[in-house]
Amino acid sequence: MSRPRNTERRNEVDNVTTSAQAQVIPLHGPGREKPAPTPEAGTGQAGDGDAERRVEAPVVNFPRPASVELPAPPADTTLSSGLTHALSFLRNRLTGDYTVDEFGFDAELTDNLVLPPLRALYEKWFRVTTHGVHNLPSEGGALLVCNHSGTLPLDALMTSVAVHDETPTHRHLRGLGADLVFKAPLVGSLARKSGQTLACNPDAERLLRKGELVGVWPEGFKGIGKPFASRYKLQRFGRGGFVSAALRTGVPIIPVSIVGAEEIYPKIGDIKLLARMLGLPYFPVTPFFPLLGPLGAIPLPTKWSIEFGEPISTEGFDPEAEEDPMLVFNLTDQVRESIQQTLYKRLSQREGVFRG
């Protein structure tokens with residue numbers, strides 16, 4: 001009984017297989033042909049029909065952006081040159097390869113260590129403006145006669161910066177200082193190295209004959225230590241020793257007027273007993289010193305102006321002219337009057353103590 005069943009099952013499977021094969025539909029019959037593969041660009045194997053289709057199709061060429069070359073970042077030559085200069089200065093200090101003149105002036109030390117901090121005060125704190133720089137000779141000797149004020153001699157330092165930075169040849173001002181400057185520890189040595197020397201005729205004449213610019217402040221401590229109520233009123237110019245030095249060497253005298261230094265430390269008092277104990281010509285009292293201690297020693301940021309006046313020639317005088325006291329007195333008075341009148345003119349033109 002089991003065989004007929006197996007035979008029936010086998011017949012059913014055959015029938016299903018036959019009907020499945022009969023229902024197979026070719027994928028690529030008429031109207032459903034497989035498109036020919038498109039060759040890759042650049043192979044050169046495309047047929048004629050493909051070539052015609054490629055020619056008929058519009059080709060749009062998009063403009064390619066022009067290549068932009070970015071500029072190379074500028075080399076920081078300032079930093080590299082500054083570093084090279086600093087290393088060269090340090091090497092010269094260690095090896096002793098630098099020059100000092102007969103007065104102890106060290107030009108390299110002055111340019112690298114002394115002038116930079118003073119230049120910051122000159123440009124940023126006091127904002128100094130200069131006038132009449134063309135009256136300074138580019139070469140040869142000249143005697144610069146300046147008014148003196150401010151309780152501390154910052155006006156002499158700012159004048160040195162003005163002469164060096166404003167002249168095309170960057171000349172150094174050789175200042176004549178009082179004995180007290182060179183007796184002070186550290187200050188005296190630094191003053192010598194930065195070009196200052198003792199205020200005496202022999203040293204002044206030697207410098208002038210060498211063709212140096214020499215600065216003198218004939219008011220001395222009477223000018224720098226005068227009370228605030230007497231500001232911009234010139235004190236006596238001594239006996240005119242600077243005029244005698246100029247006459248002997250035949251150099252011009254250039255009056256220099258400084259406005260702004262009188263207000264940096266307004267002197268309203270003087271402790272004479274303390275000044276005698278310390279060996280000082282005065283011990284100043286200002287609205288901030290000694291009340292605020294070291295903070296009171298910070299100068300007020302007044303606006304400065306420095307004017308170099310017309311040179312007064314000394315070439316037309318006789319060789320014995322410096323022995324004529326009347327002539328020396330007249331030239332001294334002429335220089336003093338020129339500075340005083342320029343001070344009045346500058347004071348009348350400035351807008352304020354701190355604005356100039």
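This report covers aromatic pairs, charges over rings and one helix crossing in a predicted model.

Local features need pLDDT of at least 70, side-chain atom pairs count only at pLDDT 80 or more, and totals for chains, interfaces and linings use all residues. Residues are numbered from 1 along each chain as its sequence is written, and side-chain values use heavy atoms, with hydrogens and water left out.

The structure holds three aromatic pairs, counted when ring centres of Phe, Tyr or Trp (its six-membered ring) lie within 6.5 Å. Planes under 30 degrees apart are stacked, over 60 edge-to-face and the rest tilted. Two of these pairs are described here. Phe126 and Trp304 are stacked because their ring centres are 4.5 Å apart and their planes stand at 25 degrees. Phe126 and Trp304 are 178 residues apart in the chain, and both are buried (under 20% relative accessible area; exposed is over 50%, partly exposed in between, with a 1.4 Å probe and protein chains only). Phe283 and Phe289 form a tilted pair, 5.9 Å centre to centre with 35 degrees between the planes. Phe283 is buried at 15%, whereas Phe289 is partly exposed at 25%.

Two arginines sit over rings (CZ of Arg, or NZ of Lys, within 6 Å of the ring centre and within 35 degrees of the ring normal).

| Charge | Ring | Distance to ring centre |
|---|---|---|
| Arg192 | Phe182 | 4.7 Å |
| Arg231 | Phe228 | 4.0 Å |

Helices H10 (residues 241-249) and H12 (residues 325-349) are DSSP runs of H or I with at least four residues, numbered from the N terminus. Their axes, lines fitted to C-alpha atoms over the stretch in contact, come within 9 Å and cross at roughly 110 degrees on a scale from 0 to 180 degrees between N-to-C directions.

Terms used: Helix = DSSP H or I, 4+ residues; strand = E, 2+ residues; numbered from the N terminus.
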